[in-house]
Amino acid sequence: LVFANGQLGVEALKIFLKKKYNIVGIVTHPISFATNHDQIIKLSKLKKNRIISYDELDSKKNWLSNIDPTICFSFWSSFIIPQELLKKIPLGVYNLHNSLLPSYKGSGANIWPIIDNQKFSGASLHRVTKMVDSGPIIAQKKISINKTETGLTLFKKQQKEMMNLLKKNINNIFLNYQINYIKNNLKNSFVSKIKRDLHKEIKLNVKYKAKKLFQIINAYNFGDLDSAFFTDDQGQKWNIKISLRKRK
């Protein structure tokens, strides 16, 4: 069973299909929250009764029993895996997260390390428990953050390493008894969806240190998709982007 959303969901499905794993069902995001929704469904080649939206799980109680999954993966799902499902999957539920857990659990793990002036971010593969991004860690990869890093470039690095972690560890997960969980001494931190974009609007009447302002603008820079912004005296919103280059 796969919870799939976004490009991460697409790339992970491609890995599973290449390995010829038997995907018995797909849980998508509701259409209003989904990205790459149609691509994921088309790629899976599953019949309609094998695909369900997350918001239908409560109303279609028999769906899980009918598809009878032995293991479950979550790829870029913004929703918490229901407790009932966690209990019913024999070999467990597994998730990829774009940080060095337990640091930057939750949302914005490609944004806040830049705002916080961290030198490193990372990617983690872990088993899902009832607490968000808090399950035992299977594998991690550290990623350096450079001075010109943006929210977009960091996420691309994280996505690449998340896929590498999946490829390297997927066989051990299916042979469940071979998993060796790891521990680290990293600081435990969490960013909620509400606080993810806390600094996204630059306040014109607020003082910023130049370095912090550069970090904030870069952190919310997602190319053509999104950026930090300010609101002028007429109420018009203006996107903000900067370009940092090493001076010769």
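Strands here are DSSP runs of E with at least two residues, helices are runs of H or I with at least four, and both are numbered from the N terminus. The model I am showing is predicted.

I'll start with the surface. Ile80, Val132 and Phe190 together make a nonpolar patch of about 290 Å². Take Val132 from that group. Where in the chain does Val132 lie? Val132 sits in the loop that runs between strand 7, residues 120–127, and strand 8, residues 137–144. Val132 has a relative accessibility of 38%, so it counts as partly exposed. The bounds behind that label are 20% and 50%: under the lower one a residue is buried, over the upper one it is exposed.

There is also a charged patch. Five lysines, Lys119, Lys147, Lys211, Lys212 and Lys246, form a positive patch on the surface. Lys246 belongs to the segment that follows strand 11, which covers 237–240. Is Lys246 buried or exposed? Lys246 counts as exposed, because its relative accessibility is 80%.

Now to strand 11 itself. Which strand does strand 11 pair with? The partner is strand 10, residues 228–231; the two run antiparallel, and the pairing has four bridges. In one of the bridges, Ala228 is matched with Ile240 of strand 11. Five residues stand between strand 10 and strand 11 in this hairpin, and Gly235 has a positive phi there, near 85°.

Next, the salt bridges. Side chains of opposite charge can pair when their charged atoms come close. How many salt bridges does the count come to? The count is nine. I'll go through three of them.

Asp58 pairs with Lys61, with 4.0 Å between the closest N and O atoms. Asp58 is at 60% relative accessibility and so counts as exposed, whereas Lys61, at 47%, counts as partly exposed.

Lys61 has another partner in Glu84, where the closest N and O atoms are 3.9 Å apart. This pair joins distant parts of the chain, 23 residues apart: Glu84 is in helix 4, residues 83–88, and Lys61 is in the loop between strand 3, 51–53, and helix 3, 62–67. Glu84 counts as partly exposed, because its relative accessibility is 40%.

Glu84 also forms a salt bridge with Lys88, and here the closest N and O atoms are 3.1 Å apart. Why are Glu84 and Lys88 separated by about one helical turn? They are four residues apart in helix 4, which means a spacing of about one turn of the helix. Lys88 is at 42% relative accessibility and therefore counts as partly exposed. Put together, these salt bridges share partners, and Asp58, Lys61, Glu84 and Lys88 end up in one network.

One last residue, Leu96. Leu96 is in strand 5, residues 93–97. Its relative accessibility is 2%, so Leu96 counts as buried. How many residues apart in sequence are Leu96 and Phe3? They are 93 residues apart in sequence, with 11 Å between their C-alpha atoms in space.

That is what I have for today.

Key
Residues numbered from 1 in each chain as written. Predicted model: local features only at pLDDT ≥ 70, side-chain atom pairs only at ≥ 80, totals over all residues. Heavy atoms only, no water. Patch = residues over 30% accessible without salt bridge, like charges linked within 9 Å, V, L, I, M, F, W, Y side chains within 5 Å. Areas by Shrake-Rupley, 256 points an atom, 1.4 Å probe, with all protein chains shown as cover. Salt bridge = Lys/Arg side-chain N within 4 Å of Asp/Glu carboxyl O. Lys, Arg positive; Asp, Glu negative; His and termini not counted. Charge placed at Lys NZ, Arg CZ, Asp CG, Glu CD. Buried < 20%, exposed > 50% of the residue type's maximum accessible area, 1.4 Å probe, protein only. Pairing = 2+ DSSP bridges.
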